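Visitor: I am new to this structure. Could you take me through it, one topic at a time?

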Amino acid sequence: MVVVIDVSRSMNEFGRMGAAKQAAQALLNTFKPEDSVSLVSFSDRTNWIEKGTKVDPAGKKSLRRGVNDLLPGGATALYDATSEAFDY
């Protein structure tokens, strides 16, 4: 599973960034320890935060930290992010 999160400047508006983080954290709760998750953010470029991380306790902690550390800024490169996530 690859979780792709928009961190473009528009995510500053209307609590979008907080909602996206909350949704990503809720999604992490649905995985089993043997599952693998990748996390990629995008604004004007893509940024792989985690790749193929097991959702065991240590992996889940790392994934949660990656989500919590996301900050909005830049333009939106949706195509690049979804293309990279699909190719992965």
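Guide: Certainly. This is a predicted model, and in it Lys51 lies over the face of Trp48.

Visitor: How far is Lys51 from the ring centre of Trp48?
Guide: The distance from Lys51 to the ring centre of Trp48 is 4.9 Å.

Visitor: And how many aromatic pairs are there?
Guide: The count of aromatic pairs in the structure is zero.

Visitor: Changing topic, how many cavities of 30 Å³ or more does the count give?
Guide: The count gives one cavity of 30 Å³ or more. The largest cavity holds about 50 Å³ of space.

Visitor: Which residues line the largest cavity?
Guide: Its lining consists of Val3, Ile5, Ala24, Leu27, Leu28, Val37, Leu39, Leu63 and Val67. Two or more lining residues come from each of strand S1 (2-6), helix H1 (16-28), strand S2 (36-42) and helix H2 (57-68).

Visitor: Which element gives the most to that lining?
Guide: Helix H1 does, with three residues.

Visitor: How do the lining residues divide into nonpolar, polar and charged?
Guide: Nine are nonpolar, while none is polar and none is charged.

Visitor: What about the largest nonpolar core: which of its residues touch the most other members?
Guide: That core has 14 residues, and those touching the most other members are Ile5, Met17, Leu28, Val37, Leu39 and Leu63. At least two residues of this core are supplied by each of S1, H1, S2 and H2.

Visitor: Where does the largest share of this core come from?
Guide: The largest share comes from H1, which supplies three residues.

Definitions and conventions. Residues are numbered from 1 along each chain as its sequence is written. This is a predicted model: local features need pLDDT of at least 70, side-chain atom pairs count only at pLDDT 80 or more; totals for chains, interfaces and linings use all residues. Side-chain values use heavy atoms; hydrogens and water are left out. Rings of Phe, Tyr and Trp (its six-membered ring) pair if their centres lie within 6.5 Å; planes under 30 degrees apart count as stacked, over 60 as edge-to-face and the rest as tilted. A charge sits over a ring if NZ of Lys or CZ of Arg is within 6 Å of the ring centre and within 35 degrees of the ring normal. On a 1 Å grid over the protein atoms alone, a cavity is a set of points where a 1.4 Å probe fits but cannot get out, and a pocket is an open set with protein on both sides within 12 Å along at least five of seven lines; lining residues have an atom within 4 Å of a point. Grid points are joined across faces, edges and corners, and a volume is the space filled by probe spheres set on the points. Helices (H or I, at least four residues) and strands (E, at least two) are DSSP runs, numbered from the N terminus. Ala, Val, Leu, Ile, Met, Phe, Trp, Tyr, Cys and Pro count as nonpolar, Asp, Glu, Lys and Arg as charged, and the others, Gly among them, as polar. A nonpolar core is a set of buried Ala, Val, Leu, Ile, Met, Phe, Trp, Tyr and Cys residues joined through side-chain atoms within 4.5 Å. Buried means under 20% relative accessible area, exposed over 50%, partly exposed in between (1.4 Å probe, protein chains only).
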